[in-house]
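Reader: I am a first-year student, and I would like a close look at a single part of this structure. Could you take me through it slowly, with each term explained?

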Amino acid sequence: MKKSKVKVRICLGTACFVQGGADLLLYNDFVDPAILADCEIEGCSCLDECKVGNGSAPYVSINDKIYSGVNQDMFCKLLAEAVKNA
Amino acid sequence: MLELNNQYTLMKRKIDTEVLKNFFNDTLVENADRLPLEIIPKHRTPFRCCIYKERAMVRYRIMAISGIDIERDDDEEKPLAEYMKEVLAEDKPPLPLLTTISTGCSGCPKSQYRISDGCRGCFARPCMSNCPKDAIIFINGQAHIQEDRCIRCGKCMEVCPFHAVVHIPVPCEEACPVDAIKKNEDGIVEIEHNKCIGCGKCVRSCPFGAIVERSGLFPVAKMLKNGEKVVAMIAPAIEGQFPGTLGQLKAAIKKAGFYDVVEVAEGAEVTSIKEASELHERLEEGENFMTTSCCPSYMELVDIHIPYLKQKRSTTLSPMGYSAEIVREKYPDAKSVFIGPCFAKKVEAAKKYRDSIDGVITFAELASIFVAKDIDVREMEADDLGDTASFEDCRQFALTTGVAGCVMARYDNEGKPAPKTMSINGLDKKTVRLMKTWEKRAPDADLVEVMACEGGCIAGPGTIVKPALAVKLRTAAKAAQK
């Protein structure tokens with residue numbers, strides 16, 4: 001059976017964008033292409049996590065699970081894990 | 001220079017946002033002294049020596065964002081609340097642009113080359129044979145540099161096959177293109193303000209955050225809060241700095257309290273037209289070259305360090321200058337605020353446009369206003385930008401070669417070969433040295449475009465996203481338009 005792609009959404013609310021979320025949009029430059037091939041990455045409207053969550057911006061949603069304070073390094077690891085478990 | 005987004009800039013944005021939130025909620029004076037404790041909570045693992053120093057640095061950052069000249073006005077006994085009262089009552093003078101936090105300075109040792117234990121003591125010893133001063137000796141089979149002989153040319157580092165030679169710079173001194181940064185007798189940073197050209201490279205290169213810009217945010221925030229009629233002039237570099245489209249950004253800026261938004265690209269069109277005809281005239285008169293005049297840091301560089309170029313730079317006003325005229329004509333009773341990527345624009349506004357420009361803030365500061373006011377650019381209903389056809393190409397002013405490109409597009413060469421252009425892409429010690437030689441040997445070009453930041457304004461010290469991403473987003477926006 002063909003594996004379904006990992007759905008990744010990067011919050012592009014202004015707060016996330018300026019706190020480093022923008023950097024994640026350069027994913028082509030820092031994520032392993034083999035991993036990228038199995039992911040569907042898009043920027044999305046504010047996930048509203050900053051209003052309720054206890055974490056910190058930027059927020060990323062991977063297969064509908066929310067992660068907070070995501071930097072480039074963490075982004076790579078999260079994607080690798082999600083692809084492995086898919 | 002440090003990468004744009006690092007722990008320090010992210011912290012800076014957080015502090016700015018908290019200060020503004022309190023300002024707009026009328027709780028600034030009341031909460032000011034609590035902010036450092038809230039931002040650096042007890043359980044935090046500190047990056048500096050301890051949380052107490054981190055809190056002290058937050059205090060200084062709050063002072064800088066409110067425009068206080070920390071060098072001259074640092075009273076440790078005075079509560080932040082008192083400072084805030086002062087700032088709310090009266091705007092601080094905008095110059096000098098930069099200030100230092102002496103307790104934040106790490107007192108980096110003098111710039112030096114050192115040989116690490118990666119040295120294999122090889123037989124060829126290229127370090128020794130290539131050192132012009134015979135400064136390298138071998139002790140116990142390992143190379144050593146004799147400090148008193150070393151002239152820090154870096155040859156040994158270039159030739160070592162094991163990369164065993166390391167260069168340990170003083171980041172701020174290294175970054176300053178005009179040697180305006182010195183250490184005092186205690187080894188602590190000092191800025192020679194009369195030499196400073198306001199490029200902001202030292203601010204961005206200090207990993208300890210010991211050099212800060214005195215923000216012009218408060219005067220602007222006060223205007224917004226008092227409901228004054230303020231028109232925002234947005235620099236061409238703004239495209240790609242925020243999520244969403246330019247139209248949405250315009251709507252967001254208006255939601256933040258600005259009355260209207262004028263694109264500085266509109267003023268850039270006037271600059272391009274006038275600079276094109278000025279170039280034409282000058283070349284007719286047999287002059288050898290002309291430089292652009294829109295980069296305020298370059299203007300300061302010429303005024304202070306290379307007086308010869310005064311006659312060579314264009315007398316045309318910068319896009320900001322013409323944009324202020326456009327605003328004045330359209331809304332005679334409004335105040336105008338320039339929003340850009342640049343620190344030196346504050347200097348330009350304070351020196352040249354005291355009467356027509358009422359404030360200068362950066363993109364990063366605008367972002368703090370958005371976050372403090374809970375404005376989400378991407379969720380806004382796009383505002384109409386009006387007819388932008390004639391000046392759309394002038395948004396390229398924000399990129400290296402963009403200014404020269406716009407000027408040439410408006411140059412009438414009457415069938416003769418087009419003038420040659422050249423660009424100085426970023427000021428550093430080397431390009432400044434080169435420009436100083438132009439008096440004796442003119443550059444091989446008719447129009448020289450000078451930009452202090454490498455890559456153009458999109459790499460300015462007040463930007464939010466990395467230049468590479470800004471270019472990507474700008475290209476995507478252009479594609480979406482078609």
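Author: What follows is a look at chain B, at two of its loops and at the side that touches chain A. This is a predicted model, in which local features need pLDDT of at least 70 and side-chain atom pairs count only at pLDDT 80 or more, while totals for chains, interfaces and linings use all residues. Residues are numbered from 1 along each chain as its sequence is written, and chains are lettered from A and ligands numbered from 1 in the order in which they are written.

Asn140(B) sits in the loop between strand E3 (136-139) and strand E4 (142-145) of chain B, where helices (H or I, at least four residues) and strands (E, at least two) are DSSP runs numbered from the N terminus. Its phi is positive, near 50°, although Asn140(B) is not a glycine. Most residues other than glycine have a negative phi. Asn140(B) is exposed, because 6 other C-beta atoms lie within 10 Å; a residue is exposed at 12 or fewer such atoms, buried at 20 or more and partly exposed in between, with C-beta atoms placed from the backbone.

Further along, Arg152(B) lies in the loop between E4 and helix H7 (155-159) of chain B, and this residue too has a positive phi, of about 55°. Arg152(B) counts as partly exposed, because it has 13 C-beta neighbours inside 10 Å.

As for the contact between the chains, 18 residues come from chain B and 14 residues from chain A, two residues being in contact if their C-beta atoms, placed from the backbone, lie within 7 Å. On the side of chain B, H16(B) gives the most, with 3 residues.
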